[in-house]
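Hi,

Here is the structure I said I would pass on. Open it first, and then read my notes underneath.

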Amino acid sequence: MRRVHNFSAGPAALPDEVLEIIRADIPDWNGTGMSVMEISHRSKQFIALAERSEANLRQLLGISSDYSVLWIQGGATLQMAMVPLNLMSATDIADYVVTGSWGKKAAEEAGRQCVVNVAADSSDQNFTYIPDESTWRCNDKATYLHITSNETIGGVEFNYVPDTPVPIVADMSSNILSRPIDVSDYGVIYAGAQKNIGPAGITLVIVRNDLLEPARANLPHLMMWKSYAESESMTNTPPTFAWYVADLVFQHLLRQGGLSVMAEINERKASKLYAAIDRSDFYSNPVREDCRSWMNVPFVLANAELDGTFLSEAAAAELTNLKGHRSVGGMRASIYNAVPEASVDALIAFMVEFERKYG
Ligand SMILES: *Cc1c(COP(=O)(O)O)cnc(C)c1O
């Protein structure tokens, strides 16, 4: 099996082991003589998968019975609207901390459904830091506080949980399952699958049970968290293949030793890449050190005219998907759970050699 070093921001790399299982499973899943894509979501076999995936996820993240685990379509982007629709009436206020492009989008989307108070915003320095909590201007009537725990584009990650009396709603699309968290610190956690969970098309939402009751009447069923909670996420046909892959990824993570082991590996991968960037004047990362992401590492070359050469020589060395987002420029290496440490080592070796040639 030919596999390149894949630094894609999303949809992103999946573990080789999981891909091998999928390949073997495809024609005859679980002795059914059918692939998982060809059977009912209400079959005994699929319901067993749904139950196992939830039990394994609860074990990985330590999710208590005070929380419901929901699988929804529409991506993290739909949750940006479902959060205010389920938690508030149109005249209620929510606090948003905007530390990057995704937080900005979440605040804009919520602004169509309720009153948004941007409590803090780091756009003044191109989203390269998290404003100190003491400077946030939260509204004392706010129903919840929304944060983006990891900004995928800017590479800015919260390394603490904000101190607030209201429920915290966190977009964890790009750092869920990268390290242990205490779910009880949050009211709602949502994450599109295509970074650290599985393929695109399914979205994980973890909701504290007391927040499930919709705050407004007449929401469509598919926009109500409660209907997913009451139907085991089978309000209508769920994306069964994506759910199946997520189940395999959770089993894989448990075999690795769970999230404390993943955290050790992720911290090591990120530290060595940042060290390589910081060691030279040829490369730089613009993010304030205390909020650098373990998952998405943007870096720029001192001479941006070399960007194209860097990317083409990297691709020739099978280091792929390194082009930075246009709002930041340069390069971005996304080093999610499924990106092996050996890929990070290969990138660092390439960077050292590239600097020797062109520096
Ligand atoms: C990728 C991403 C999104 C968008 O997810 P979709 O599934 O495309 O809606 C939102 N927030 C964050 C932090 C992301 O990384």
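A quick word on labels before the tour: helices (H or I, at least four residues) and strands (E, at least two) are DSSP runs, counted from the N terminus. With those labels, Glu 133 sits in the loop that links strand E4 (115-121) to strand E5 (145-148). Please keep in mind that this is a predicted model.

While you are at that loop, Glu 133 has a relative accessible area of 26%, so it is partly exposed; the band for that label runs between 20% and 50%. Its C-alpha is 24 Å from that of Arg 208, and the two residues are 75 apart along the chain. Asn 126 belongs to the loop between E4 and E5 too. Asn 126 is partly exposed, at 46% relative accessible area, and has a positive phi, near 50°, without being a glycine.

Now the ligand, which I guess is what you want to see. There are 13 residues around it, and the ones that come nearest are Thr 77, Thr 152, Asp 171, Gln 194 and Lys 195. By class, that shell is made up of 8 polar, 3 nonpolar and 2 charged residues. Which helix gives the largest share of the shell? Helix H3 (residues 75-87) does, with 4 residues.

As for polar atoms, a ligand oxygen lies 2.7 Å from a side-chain N or O atom of Lys 195, and a ligand oxygen is 2.9 Å from a side-chain N or O atom of Gln 194. At Ala 76 the partner is a polar backbone atom, with a ligand oxygen 3.1 Å away. On its own the ligand would expose 390 Å², and the protein buries 87% of that.

Ala 76 also turns up in a pairing with Trp 102: they are 26 residues apart in sequence, with their C-alpha atoms 9.6 Å apart in space. Trp 102 is part of helix H4 (residues 101-111) and counts as partly exposed, at 25% relative accessibility.

On to the inside of the protein. The largest nonpolar core holds 55 residues, and Leu 61, Trp 71, Ile 176, Leu 177 and Ile 197 make the most contacts within it. Helix H6 (residues 240-256) is the top contributor to this core, giving 9 residues. Where does the core lie relative to domain 1 (5-15 + 257-358) and domain 2 (27-256)? It lies between them, because both domains give residues to it. As a rule, nonpolar side chains in soluble globular proteins tend to be buried together.

Ser 227, in helix H5 (residues 225-230), is buried as well, since its relative accessible area is 7% and the cut-off is under 20%. The Ser 227 side chain reaches the backbone oxygen of His 221 at 2.5 Å.

Last, some backbone geometry. Most residues other than glycine have a negative phi, and most peptide bonds are trans. Besides Asn 126, look at Asn 218, which is not a glycine but has a positive phi of about 65°. Asn 218 is in the loop between strand E10 (203-208) and H5 and is exposed, with a relative accessible area of 78%. Then there is a cis peptide bond between Gly 10 and Pro 11, with omega about -10°. Pro 11 is found in the loop between strand E1 (5-6) and helix H1 (16-25).

Cheers

Note on methods. Residues are numbered from 1 along each chain as its sequence is written. This is a predicted model: local features need pLDDT of at least 70, side-chain atom pairs count only at pLDDT 80 or more; totals for chains, interfaces and linings use all residues. Side-chain values use heavy atoms; hydrogens and water are left out. A residue is near a molecule or strand if one of its heavy atoms lies within 4 Å of it. A polar contact is a pair of N or O atoms within 3.5 Å; within protein, one must be able to donate a hydrogen and the other to accept it, and residues adjacent in sequence count only if both atoms are side-chain atoms. Accessible areas come from the Shrake-Rupley method with a 1.4 Å probe; for residues, only the protein chains shown count as cover. Ala, Val, Leu, Ile, Met, Phe, Trp, Tyr, Cys and Pro count as nonpolar, Asp, Glu, Lys and Arg as charged, and the others, Gly among them, as polar. A nonpolar core is a set of buried Ala, Val, Leu, Ile, Met, Phe, Trp, Tyr and Cys residues joined through side-chain atoms within 4.5 Å. Buried means under 20% relative accessible area, exposed over 50%, partly exposed in between (1.4 Å probe, protein chains only). Domain bounds come from an automatic or database domain assignment.
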